[in-house]
Amino acid sequence: MSFLIQQTLIYAVPLMIVALAGIFSERSGTINLALEGIMIFGAFIGVLFIKLSQSAGMFADAKAAGDWGALQGFMLLAMLVSAAAGAIFSLLLSFACINLRADQTIGGTALNLMAPALVLFLIRIIANQNTLQMNGDAASWFMIKKTMLGYAKTDQLGFFANTFLNKVWLSTYVCLLVFIILSILLYKTRFGLRLRSCGENPQASDSLGINVYRMRYTGTSISGALAGMGGFVYALTTANGSANGDVAGFGFLALAVMIFGNWNPLNVAGASLLFGLFKCIAASYSSIDLNGDGVYWLAQIGISPNFYRLLPYLITLLVLAFTSKSSRAPKAEGIPYDKSTR
Amino acid sequence: MKQKSDFWKRDTTRSVLASLISIVIGMVVGGIVILIVGMTNKSLTIGSALEGIRLVIGGIFCTGRDAAGSLTFGFSPVNLGNMLFRAIPLILTGLSVAIAFKTGLFNIGAPGQYLMGTAATLFIALSIPTAAVPAWIVWILAFLGGMAAGAVWGAIPGAVKAFLNINEVLACIMTNWIAANLVTWAFDASSLKNVAEYGKTGYVYKTTFNGVATPKLGLDKLFPGSQVNAGILIALLFAVLIYILMSKTTLGYELKACGANRHAARYAGIRDKRNIVLSMAIAGALAGTAGSLYYLSGNTEFFWSTYQSLPAVGFNGIPVALLAVNNPIAVIFTGIFMSALDVAGQQLTSLTAYNEYITSVIIAVIVYLSAFSLVIKMWISGGRKPRHGKAAKEDAAVESASELGSSAVTPPVPDPADETPPAEAAPEKGGEE
């Protein structure tokens, strides 16, 4: 059971943070279809950053000294770097959609095409193959294990501690914290209200002295930062610390989660847990032991793994079909703001 | 002087120019990326970067390296034939995206429709024994089967868009991944996996295994050594048919009316929901045909374990359609241009330290630029006469249409001049190569 919870969280957390990225962008009035591309870019930059510092030797010292705190700090730094990369990459979208009043769907698609192309081009030149991998078993160095927290290897932890303290990543908790802080920012502060107003009625916001262009830039940049960070977290926790110009449709799934969650952080959190569960079943159905009796019944009922793999997408489609009537998108999303239409 | 300003004012001229500018900027960005990589990477030299840039521009005419190791250029029937062969799916997916755009829909589901078309075609072509049924009948059945499978797969997002008002972009993306998994599942369970050839894993038999292949019609004499076949003629025929459908028939008019303003169309008595489903079904059929023709050639193999990645050909239909401003005839030329770029990418991989992904970067830049092609068009005309009425009016019309559209993401793609005769598009090709 604790395996199931841990695995679900691993998939749910990137979804959650990237769906929040979508909320920030769409609430400010820009459709961010480029989430997938930004994730790919962020994952690449994060992995590259770790790889470069590994080559510079900074990282081996901390590992050799057993300094786990330094390693965790290192991972946080990589998260920040990939967030910055995502924000910078998203400026391409902001520039086209806000300044040049371009079509947001096509602009986002362009970024989705651009990110894997650029990333794969560079990876092939850097690594001579299609995957950029951190040196050694770096992904597991960042994992928090019970021995690091002062327990002995043989100590039996309770269910709670075993689930949330052993074999987990710090990034999971950082993302949850960021999710909570940014949700409060969006709903309980003056800045958040202004941002949301630009996605509902930018003309009215402008008449009250809010700079719509700047607000939309801010929203899209926060969105890019979150998506970039989510991409790195995805690469670290589910792709074993590698970047290969692909996040398996996670960015699009996050968009679906956002619509399913009705552009509201609390619902989105719930929706991403649900989808995380499905993704988790798809990825590791053969090793899920629900009640701990050593029977892996999902593997034993003999359904093709392909079925589990297509399940998240099929359910997304069905769920959207049933909830679409009650969904309410920000009113002005997708419409470029033109001062002269005030 | 007056005549000249008329020439610049014409929508066709501006569209062609905007596309050309996009292509040139895309090429320049690609060149800059190569140059930066060549200068910063220690194992690469400036000379190799310059070679890379030359290949990106003229890869289609590259014939390899001579004894001294420098690139040689000239007429290459193999490259040109392969270019025509690879243009088949690109033209068809381009048409698929273009017809959906005209109805105000963004068909990002072409990869899924392409996969379903491929799967249906391969299953029919390989399971009907040619000993019992003549091969040409099997070919026709497989072709039609692929088309039908694509149409069904395209109609799904169309139907959920029309009846449940789900954003078609999301529905298309989900159906893409469902198709990828379904196709993998179907071939995984089938007996069509290539086990006859030693060392092949994950491939389906070529259709020639069952004696089914598209006829060459003498094109192999024209381009000896290449993969070209009669499929290119079918693709050209489809482009002309779609052109006739969209600009000469009532159905085409209704589809375009739905694209311009769905609510106004309904007010005028046009069945908007039926038209949205129909448009997506036609788009799906075209993408399915693309997969069908590509794998019916008999010398292409399908890697069936596709659940982790979607075919790039489907996505590349988007730039093909955008560059052609959704004009079916122009799609022929932009499709051929894209496949020329594709061949150049292959040359880049085999002849230099760079790789084919640079051409994807160029394509992405082109898509990015076509997102604001309206602005580029305004620059073209505005540079000569500051913001004259037509451009501004068009701009406003597009915006109000997208405001009225029920979907938040109705792509406000400018409606191109529908009456573009083929001759108008011809200079475009001349500039591309």
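Is Arg101(A) buried or exposed? I began my notebook with this residue, working throughout from a predicted model.

**Entry 1: residues with positive phi in chain A**

I found that Arg101(A) is buried, because 20 other C-beta atoms lie within 10 Å. I located Arg101(A) in the loop between helix 4 (68-99) and helix 5 of chain A. I then looked up its backbone and noted a positive phi of about 50°, although Arg101(A) is not a glycine. I recalled the general rule that most residues other than glycine have a negative phi.

I recorded a second residue of this kind. Asn262(A) is not a glycine, yet its phi is positive, at about 60°. I placed Asn262(A) in the loop between helix 12 and helix 13 (265-284) of chain A. Its surroundings hold 16 other C-beta atoms within 10 Å, so I entered Asn262(A) as partly exposed.

**Entry 2: Arg214(A)**

I next turned to Arg214(A), which belongs to helix 11 (residues 212-237) of chain A. I entered Arg214(A) as exposed, because it has 12 C-beta neighbours inside 10 Å. I also looked up its separation from Ser28(A): the two residues are 186 residues apart along the chain, and their C-alpha atoms are separated by 10.0 Å.

**Entry 3: helix 2 of chain A and its partner**

I checked the length of helix 2 (residues 35-55) of chain A. Its 21 residues reach 30 Å from the first C-alpha to the last, close to the 30 Å expected at 1.5 Å a residue. I noted that 17 of the 21 residues are buried, so helix 2 of chain A is largely enclosed by the rest of the structure. Gly57(A) follows this helix, and its phi is positive, near 90°.

How far apart are the axes of helix 2 and helix 4 of chain A where they pack? I found the axes 8 Å apart, at an angle of about 140°. The two helices are therefore oblique to each other, and helix 2 of chain A passes helix 4 of chain A in a right-handed crossing. I listed the residues in contact, among them Phe41(A), Gly42(A), Gly46(A) and Phe49(A) of helix 2 and Ala78(A), Ser82(A), Gly86(A) and Phe89(A) of helix 4. By class, this contact has 11 nonpolar, 5 polar and no charged residues.

**Entry 4: where the two chains meet**

I looked up the contact between the chains and found 41 residues of chain A touching 46 residues of chain B. On the side of chain A, the elements giving two or more residues are helix 5 (104-127), helix 12 (250-260) and helix 15 (305-323). Which of these elements gives the most to the side of chain A that touches chain B? I found that helix 5 of chain A does, with 13 residues. The residues on this side of chain A divide into 27 nonpolar, 9 polar and 5 charged.

**Entry 5: chain B as a whole**

I counted 18 helices and 2 strands in chain B. Of its 433 residues, 55% are buried. Among contacts in chain B with a separation of 6 or more, I noted that 75% join residues 24 or more positions apart.

**Entry 6: helices of chain B**

I examined helix 12 (residues 272-296) of chain B. At 1.5 Å a residue, its 25 residues should span 36 Å, and I found agreement because the end C-alpha atoms are 35 Å apart. Helix 12 of chain B is mostly covered, with 23 of its 25 residues buried. Gly298(B) follows this helix and has a positive phi, near 90°.

I then took helix 3 (residues 46-58) and helix 14 (residues 328-351) of chain B, which pack at an angle of about 155° with their axes 8 Å apart. These two helices are therefore roughly antiparallel to each other, and their crossing is right-handed. In the contact, Gly52(B), Leu55(B) and Val56(B) of helix 3 meet Ala344(B), Gln347(B), Leu348(B) and Leu351(B) of helix 14. I classed these residues as 5 nonpolar, 2 polar and no charged.

Finally, I looked up helix 6 (residues 135-164) and helix 7 (residues 168-189) of chain B. Their axes come within 9 Å and cross at roughly 145°, and the crossing is right-handed. The contact includes Trp153(B), Pro157(B) and Lys161(B) of helix 6 and Glu168(B), Cys172(B) and Thr175(B) of helix 7. By class, I entered 7 nonpolar, 1 polar and 2 charged residues for this contact.

How values were computed: Residues are numbered from 1 along each chain as its sequence is written. Chains are lettered from A and ligands numbered from 1 in the order in which they are written. This is a predicted model: local features need pLDDT of at least 70, side-chain atom pairs count only at pLDDT 80 or more; totals for chains, interfaces and linings use all residues. Axes are lines fitted to C-alpha atoms, for helices over the stretch in contact, and angles run from 0 to 180 degrees between N-to-C directions. Helices (H or I, at least four residues) and strands (E, at least two) are DSSP runs, numbered from the N terminus. A crossing is left-handed if the near helix is turned anticlockwise from the far one by less than a right angle, and right-handed if clockwise. Two residues are in contact if their C-beta atoms, placed from the backbone, lie within 7 Å. Ala, Val, Leu, Ile, Met, Phe, Trp, Tyr, Cys and Pro count as nonpolar, Asp, Glu, Lys and Arg as charged, and the others, Gly among them, as polar. The expected span of a helix is 1.5 Å times one less than its number of residues. Angles under 35 degrees count as roughly parallel, over 145 as roughly antiparallel, 65 to 115 as roughly perpendicular and the rest as oblique.
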